[in-house]
Every structure is written in structure tokens, then in C-alpha cells.
Amino acid sequence: MDVGQPRFASDGAFLGYVGSVLDITERRQAELAREESEALIQACLKARPIASACLISMAVPCL
């Protein structure tokens with residue numbers, strides 16, 4: 001994510017840009033993981049007869 005704007009001298013000469021950049025890689029990865037989890041939960045709930053077993057298996061890590 002970035003924000004910037006041009007900078008000019010008092011005579012109007014272009015001096016460059018001033019701005020900042022924020023790396024949102026980790027945030028994006030967390031959002032994707034949440035979306036995948038929500039999709040899995042929805043799929044489990046649609047398969048209602050096995051929803052309980054599906055949700056329990058998500059809560060207990062496989063060894």
C-alpha cells in the first residue's frame with residue numbers, strides 16, 4: 001500500500017515525490033487464511049449430517 005504526491009520548488013520545478021509505502025503481505029496472507037477457513041466452515045455446514053465431525057476435526061490438530 002502506498003501514498004505519495006509530487007513535490008515542487010517555489011519556482012515550479014519538479015523536485016520528486018514524497019510518500020510512504022507499507023508492506024501488507026502478512027495482512028493479506030491472514031485475510032486469505034480467514035477466507036479459506038470461512039469457506040471450509042460453510043462447506044461443513046452445508047453438509048449438515050457431517051458438520052459436527054468436520055468442525056471437530058478443524059479444532060483438533062492432526063498428529
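The following dialogue reads the strands and aromatic rings of a predicted model.

User: How many bridges join strand 1 and strand 2, and in which sense do the strands pair?

Analyst: Two strands count as paired if at least two bridges are found between them. Here strand 1 and strand 2 (residues 14-21) are antiparallel, with 7 bridges. One of the bridge partnerships links glycine 4 to glycine 19 in strand 2.

User: What lies between strand 1 and strand 2?

Analyst: The two strands form a hairpin, and 5 residues separate them. In the turn, glycine 12 has a positive phi of about 90 degrees.

User: Is strand 1 largely buried or in the open?

Analyst: In a regular strand, side chains alternate between the two faces of the sheet. A residue is buried when its relative accessible area is under 20%. Of the 7 residues of strand 1 (residues 2-8), 0 are buried, so the strand lies largely in the open.

User: How many aromatic pairs does the structure hold, and how should their geometry be read?

Analyst: Ring planes over 60 degrees apart count as edge-to-face. The structure holds 2 aromatic pairs. For phenylalanine 8 and phenylalanine 14, the ring centres are 5.7 Å apart and the planes stand at 65 degrees, so this pair is edge-to-face. For phenylalanine 14 and tyrosine 17, the centres are 5.3 Å apart and the planes stand at 70 degrees, so that pair is also edge-to-face. Phe8, Phe14 and Tyr17 form one aromatic cluster.

User: Which exposure class applies to phenylalanine 14, and which to tyrosine 17?

Analyst: Phenylalanine 14 is partly exposed, at 47% relative accessibility. Tyrosine 17 has a relative accessible area of 63% and is therefore exposed.

Technical notes: Residues are numbered from 1 along each chain as its sequence is written. This is a predicted model: local features need pLDDT of at least 70, side-chain atom pairs count only at pLDDT 80 or more; totals for chains, interfaces and linings use all residues. Side-chain values use heavy atoms; hydrogens and water are left out. Buried means under 20% relative accessible area, exposed over 50%, partly exposed in between (1.4 Å probe, protein chains only). Helices (H or I, at least four residues) and strands (E, at least two) are DSSP runs, numbered from the N terminus. Rings of Phe, Tyr and Trp (its six-membered ring) pair if their centres lie within 6.5 Å; planes under 30 degrees apart count as stacked, over 60 as edge-to-face and the rest as tilted.
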